[in-house]
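Please look through the sequence and the model shown here before reading on. The paragraphs that follow take the confidence scores, the sheet, the domains and the pairing of the copies in turn.

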2 protein chains.
Amino acid sequence: MYSVAICGATGAVGIEVIRCLKELKFPLDKLTLYASARSAGKEIEGYIVEEFHAEAAGKHDFVFLCVSGDFSREYAQQIVDGGAVVIDNSSAFRYEENVPLVVPEINADSIGDSKLIANPNCTTAILAVALYPIYKEFGLKKVIVSTYQATSGAGQPAMDELKEQTQVVLDGGEASCENFAYPIPFNLIPQIDAFQENGYTKEEMKVTWETRKIFGDSDLKLSCTAVRIPTFRAHSEAVTVETEKEVDIDRVRGLIDAAPGVVLVDDPTNQKYPMPLNATGKFDVEAGRFRKNEVFDEYGLDFFVCGDQLLKGAALNAVQIAKALV
Amino acid sequence: MYSVAICGATGAVGIEVIRCLKELKFPLDKLTLYASARSAGKEIEGYIVEEFHAEAAGKHDFVFLCVSGDFSREYAQQIVDGGAVVIDNSSAFRYEENVPLVVPEINADSIGDSKLIANPNCTTAILAVALYPIYKEFGLKKVIVSTYQATSGAGQPAMDELKEQTQVVLDGGEASCENFAYPIPFNLIPQIDAFQENGYTKEEMKVTWETRKIFGDSDLKLSCTAVRIPTFRAHSEAVTVETEKEVDIDRVRGLIDAAPGVVLVDDPTNQKYPMPLNATGKFDVEAGRFRKNEVFDEYGLDFFVCGDQLLKGAALNAVQIAKALV
């Protein structure tokens, strides 16, 4: 049995970590919730929130960091030095060579004896579980991804903003924005995170960089367009791939059906395909709309995935990493 | 001066045709609005709606069909035989060899002396004005499109459903659906129109078939994933292309800037890019987020377009076709 702590326990991801620990029956001895002094004393899921102190945090067996990259950069090493295994949900350490970046269904073995493990970007984790079985069997020459990302990726205040500002629009008013660059109700925003010199946003490049690291293939060619849409907490992604070997759609469906972390939802006749409506709150990522691609002929494939941004995209994957270590 | 009629004048597209005729200063002698007997007598934009009769319709100079494909199939030829030029907004005749399918900025010359002209699918028209300048200058080996389509594509009742059912969700209820296969508020639906044998939907194949016909290039390789999202009336599209010639992004921006029907909205530093919020109600399609593509190296390009589904995607393009003939 283990002593576990969550830093940033009052945020959207932190709360889901508590739920995932329970749902996955993590062998919990004691669970401690840390947040800022402002939130100390609050009750979350039956636990009283404590003010964060790095020294105390380091005394747990596992510490989930569900906080900003700046916070992680400041405290993660100190917590590790205190003796805890740290699973960091931020992007602070994802690209450091000696920090494993892990989707347990794919590269749990990369953890080794690391005490600091990075949890991937939400869009990446959701994509990776569906893409990996195809990568293993057919190889991937090119991957092109367009995302339909939920507001939860910007945290609980962003979800609240979608709800509140949608009501403003329905009441005939003009929506404002605090958590996005533009009003999100009945709109979309083709920018997530800052623009890079190459014209991609950082969110888009994260999907490229992180998929390469998780697959252990630094040559993988992947291009992403990341778009925020007015949904709450499930990310969807339209994916086009060129494969190295000739692709067989039925075989792909079979692989997805058998793969862990992803469920095949692909029955056009009965209008079954991945959707936020169904994927929200589910552990497994939904994958469907598998079809031979019109552009890459026998070596191409299109599909659509949808997964809960707060679960496989964040909290669930983090707890799965911890579970792989116990 | 010309006598003009609109069939289906009470629908979302029909009403926009009236507005576009005025905005484009179409040389109108008389405008007649037709609809079903049920709508006869209604006043729309200052005109009294009359019940449709094919014989009477044929006596106008131009007739806009803003009705179902079934209606067009039943009456279009009869109206043409009566002497009118018919511009059909449905998909009924788009794929017939002797019926020109026209985006005036691209292939107005294909009209010739045709009396029946097809107006393209909304997603196609919005894509085409931005894609064509690139096609002409650099050639296109592959085009991959993911769409973010507004509810207006399914008509005014679908837009009303988005509004009404969103309120139901905000009030804590469960959304229902009449115009979509699933509830649309805070959801997306990766199916528009019926599934084809190849696993694509008809909407997706329309984009392939119609772009080929408009560009006059039956070999163009184009793959589309069409997704309905909870927005009102502007369609967005994430586009990845492989070009035949080495691509120069600044040159592409210059071409888009100079091209008719499309406006360059591409200033990442100042967070300017195409969005429904700005493209709604505008004649020009917005194109931006131009960047060299990470997958096709020197021969690839990513960009994002957004255009009003009821304007360039329907009514505006139809009126532009008529204008090209006067």
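Two strands are counted as paired if DSSP finds at least two bridges between them. By that rule β2(B) pairs with strand β5 (residues 50-51) of chain B, since 2 bridges join them, and the two strands run parallel. Within this pair, B:Y34 stands opposite B:E50. What is described here is a predicted model. Its scores are ipTM 0.96 and pTM 0.97. For chain A the mean pLDDT is 97, and 100% of the residues of chain A reach 70 or more.

The sheet of chain B can be followed from the same strand. Strand β2 (residues 28-35) of chain B also pairs with strand β1 (residues 2-7) of chain B, in the parallel sense and over 6 bridges. Here B:Y34 of β2(B) is the bridge partner of B:C7. To get from β1(B) to β2(B) the chain passes through helix α1 (residues 12-23) of chain B, and this β-α-β crossover is right-handed. B:Y34 therefore has a place in two pairings, given that bridges are what define a pair: B:C7 is its partner on the β1(B) side, and B:E50 stands opposite B:Y34 in β5(B).Taken as a whole, this is an open sheet of 6 strands in chain B, with the order β5-β2-β1-β6-β7-β8 and parallel pairing. Its edge strands are β5 and β8 (116-118) of chain B, each of which pairs on one side only. At the β8 end, strand β7 (residues 85-88) of chain B pairs with β8(B) in the parallel sense over 3 bridges. B:V86 has B:L116 in β8(B) as its bridge partner.

The domains are described for chain A. Chain A is divided into domain 1, made of 2-120 + 315-324, and domain 2, which covers 124-309. Between the C-alpha centres of these two domains of chain A the distance is 25 Å. Where the domains touch, domain 1 of chain A gives 13 residues to the contact and domain 2 of chain A gives 18 residues. On the domain 1 side, the elements of chain A that give two or more residues are α4 (104-107) and α10 (311-324). The largest share of that side, 3 residues, comes from α4(A). By class, the residues on the domain 1 side of chain A divide into 7 nonpolar, 4 polar and 2 charged.

How do the copies relate to each other? A turn of 180° with a shift of 0.0 Å along the axis lays chain B on chain A with an RMSD of 0.0 Å. The two copies are thus related as by a two-fold rotation axis. Both copies use the same surface, since 98% of the contact residues of chain B recur in chain A.

In the contact between the chains, 50 residues of chain B meet 49 residues of chain A. Several elements of chain B each supply at least two residues of the side that touches chain A, among them the helices α6 (156-170) and α9 (276-279). The strands β9 (140-148), β10 (222-225), β11 (234-243), β13 (285-292) and β14 (300-308) of chain B do likewise. This side of chain B has 27 nonpolar, 15 polar and 8 charged residues.

Terms used
Residues are numbered from 1 along each chain as its sequence is written. Chains are lettered from A and ligands numbered from 1 in the order in which they are written. This is a predicted model: local features need pLDDT of at least 70, side-chain atom pairs count only at pLDDT 80 or more; totals for chains, interfaces and linings use all residues. Helices (H or I, at least four residues) and strands (E, at least two) are DSSP runs, numbered from the N terminus. A crossover is right-handed if, with the strands pointing away from the viewer, the path from the first strand over the helix to the second runs clockwise. pLDDT is the predictor's confidence in each residue, from 0 to 100. Copies are superposed by least squares on the C-alpha atoms of residues with pLDDT of at least 70 in both. Two residues are in contact if their C-beta atoms, placed from the backbone, lie within 7 Å. Ala, Val, Leu, Ile, Met, Phe, Trp, Tyr, Cys and Pro count as nonpolar, Asp, Glu, Lys and Arg as charged, and the others, Gly among them, as polar. Domain bounds come from an automatic or database domain assignment.
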